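The exercises below are meant to be worked through with the sequence and the coordinates open side by side. Each one sets a task and then gives a solution in steps.

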Amino acid sequence: MKFGIEFVPNEPVLNLASYAKTAEDEGFEFVWVTDHYNNRDVFSTLSVLSMATNRIKIGAGVTNPYTRNPAVTASAIATVNDISGGRAVLGIGPGDKSTFETLGLSGDKPLSTIRECVGVYRDLFAGKNVFFDGENIKLKGAHLDFVKKSADGDKGAIPVYVGAQGPKMLEMAGAVSDGVLINASHPDDFRFAVPQIRAGADVARRNFNEIDVAAYTCFSIDADADAAKKKAAPVVAFIAAGAPDTILSRHGINPEIKKELGAEISKGNFKALNSLVSDQMIDKFSISGDSEFCEKRMRELEKTGVTQLVAGSPLGVSKEKAIKNIGKIIRIF
Ligand SMILES: C[C@H](OP(=O)(O)OC[C@@H](O)[C@@H](O)[C@@H](O)Cn1c2nc(=O)[nH]c(=O)c-2cc2ccc(O)cc21)C(=O)N[C@@H](CCC(=O)N[C@@H](CCC(=O)O)C(=O)O)C(=O)O
């Protein structure tokens, strides 16, 4: 199992740089940074993390094809690849509809748009002059002057992962991507997702084992299990509030709760929000507890076919302590 860590750039980037160095020292192989325009810029953050670390892979987890033209995204991540000495990874996903609304963006046709993008990124990473007249993506000779021209057929040096949760996105990711980042934390979600990815790989006649299946979890570890769960509650509230009804029902949670969560979120009433989050929701939408529980849940995920465990926000009561606690589990995995 590979281990990754996710940071939301809603705190000073130099803090994240220090956490990323600790994570590297503790044996994590990937650091992922989320992309929502209202937080600090993902690629600026990745550049600073590149300078603060030596070995850990540096990933956008995940950007989207709507807020930036694909050639601009390719230039940004290829610059991170330049700075980091070849450690960049590009994660691309449909993006967050709620933030798109504030930008006046539709974000429509995500399935076909992402599929088109993956090939375009690879051609740009391979130093090609890209002419592409797709349904959603149109380029007329776009090129990156600073990347080495790869031999024909090479897909360029930067792996492309897809952020996906829905069945069609998962299947498409299995057909075209180097890895899939699945925003979920419970084994039941991966018992659903892994067969979809495998089906996509089979249709595309790809070797499923070449695809990195990453559980992009809500994670909270502390010696005091209750404190860990309390820390995770607000994040779980947002996940549950935005989850499709099918996912809530999969976990035996009445989708009606979304209305109550949404109402408290829109009022900014985070105290009331936490009181709406049940233990069952914490268990289904996060990995929260002491080291023994977290290790057990990681091993359950590995059994479903997960190949990378990404510890996501909030990480724990103290980020630094949480990273070291996970490091102890990494060393015995
Ligand atoms: C779009 C949606 O796909 P989805 O994978 O469920 O998307 C939900 C999230 O994954 C998506 O919002 C991600 O961007 C969320 N996301 C992040 N979103 C962000 O904005 N920023 C992040 O940093 C971020 C990180 C992240 C990490 C992992 C992860 O799994 C998701 C992450 C969906 O509806 N999928 C359907 C397919 C819909 C479909 O078929 N659409 C058609 C036509 C629909 C039409 O006509 O518009 C098409 O796209 O062509 C399905 O998979 O079955």
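**Exercise 1.** Which residues does V277 touch, not counting residues up to four places away in sequence? Then state where V277 lies and whether it is buried or exposed.

*Solution.* Keep in mind throughout that this is a predicted model. Begin with the contacts: once residues up to four places away in sequence are set aside, V277 touches A233, V236, A237 and I282. Next, locate the residue, which sits in the loop between α11 (270-276) and α12 (279-285). Then turn to its accessibility: V277 has a relative accessible area of 12%, and because buried means under 20%, the residue is classed as buried. Finally, to place V277 within the chain, take N54, which is 223 residues away along the sequence and whose C-alpha atom is separated from that of V277 by 39 Å.

**Exercise 2.** Find where S185 and D189 are placed, and work out for each whether it is buried or exposed.

*Solution.* First assign the positions: S185 belongs to the loop between β8 and α7, whereas D189 is part of helix α7, residues 187-203. Next compare each value with the 20% limit for burial: the relative accessible area of S185 is 3%, so S185 is buried, and D189, at 5% relative accessibility, therefore counts as buried. Then list the surroundings, leaving aside neighbours within four places in sequence: S185 is in contact with F190, T217, C218, F285, S286, I287, R297 and L301, while D189 touches A184, I247, R250, H251 and K284. One of the contacts of S185 can be described in more detail, since its side chain reaches the backbone nitrogen of C218 at 3.1 Å.

**Exercise 3.** Determine which way the residues of β4 point, and how β3 and β4 pair.

*Solution.* Start from the cover of strand β4 (residues 88-92), where five of its five residues are buried. In a regular strand the side chains alternate between the two faces of the sheet. In β4, accordingly, A88, L90 and I92 point one way and V89 and G91 the other, and all are buried. For the pairing, β3 and β4 run in the parallel sense over four bridges, with I58 standing opposite A88 in β4.

**Exercise 4.** Identify the strands that pair with β1, and give a pair of opposite residues for each.

*Solution.* Strand β1 (residues 2-7) is mostly covered, five of its six residues being buried. It pairs in the parallel sense with strand β11 (residues 308-316) over four bridges, and here K2 stands opposite Q308. Four bridges also join β1 to strand β2 (residues 30-33), again in parallel, and in this pairing I5 stands opposite V31.

**Exercise 5.** Describe the shell around the ligand: which residues come nearest, and which elements give two or more residues to it?

*Solution.* Of the 24 residues around the ligand, those that come nearest are D35, G95, L111, Q165 and L181. By class, the shell holds 10 nonpolar, 10 polar and four charged residues. Now look for polar backbone atoms beside oxygen atoms of the ligand: such an atom of L111 lies 2.6 Å from a ligand oxygen, one of M169 lies 2.9 Å from a ligand oxygen, and one of V62 lies 3.1 Å from a ligand oxygen. The ligand taken alone exposes 1,000 Å², of which the protein buries 75%. Last, the elements that contribute two or more residues to the shell are β3 (57-63), α5 (110-125), α6 (167-176) and β8 (179-182).

Notes
Residues are numbered from 1 along each chain as its sequence is written. This is a predicted model: local features need pLDDT of at least 70, side-chain atom pairs count only at pLDDT 80 or more; totals for chains, interfaces and linings use all residues. Side-chain values use heavy atoms; hydrogens and water are left out. A residue is near a molecule or strand if one of its heavy atoms lies within 4 Å of it. A polar contact is a pair of N or O atoms within 3.5 Å; within protein, one must be able to donate a hydrogen and the other to accept it, and residues adjacent in sequence count only if both atoms are side-chain atoms. Accessible areas come from the Shrake-Rupley method with a 1.4 Å probe; for residues, only the protein chains shown count as cover. Ala, Val, Leu, Ile, Met, Phe, Trp, Tyr, Cys and Pro count as nonpolar, Asp, Glu, Lys and Arg as charged, and the others, Gly among them, as polar. Buried means under 20% relative accessible area, exposed over 50%, partly exposed in between (1.4 Å probe, protein chains only). Contact means heavy atoms within 4.5 Å. Two strands pair if DSSP finds at least two bridges between them.
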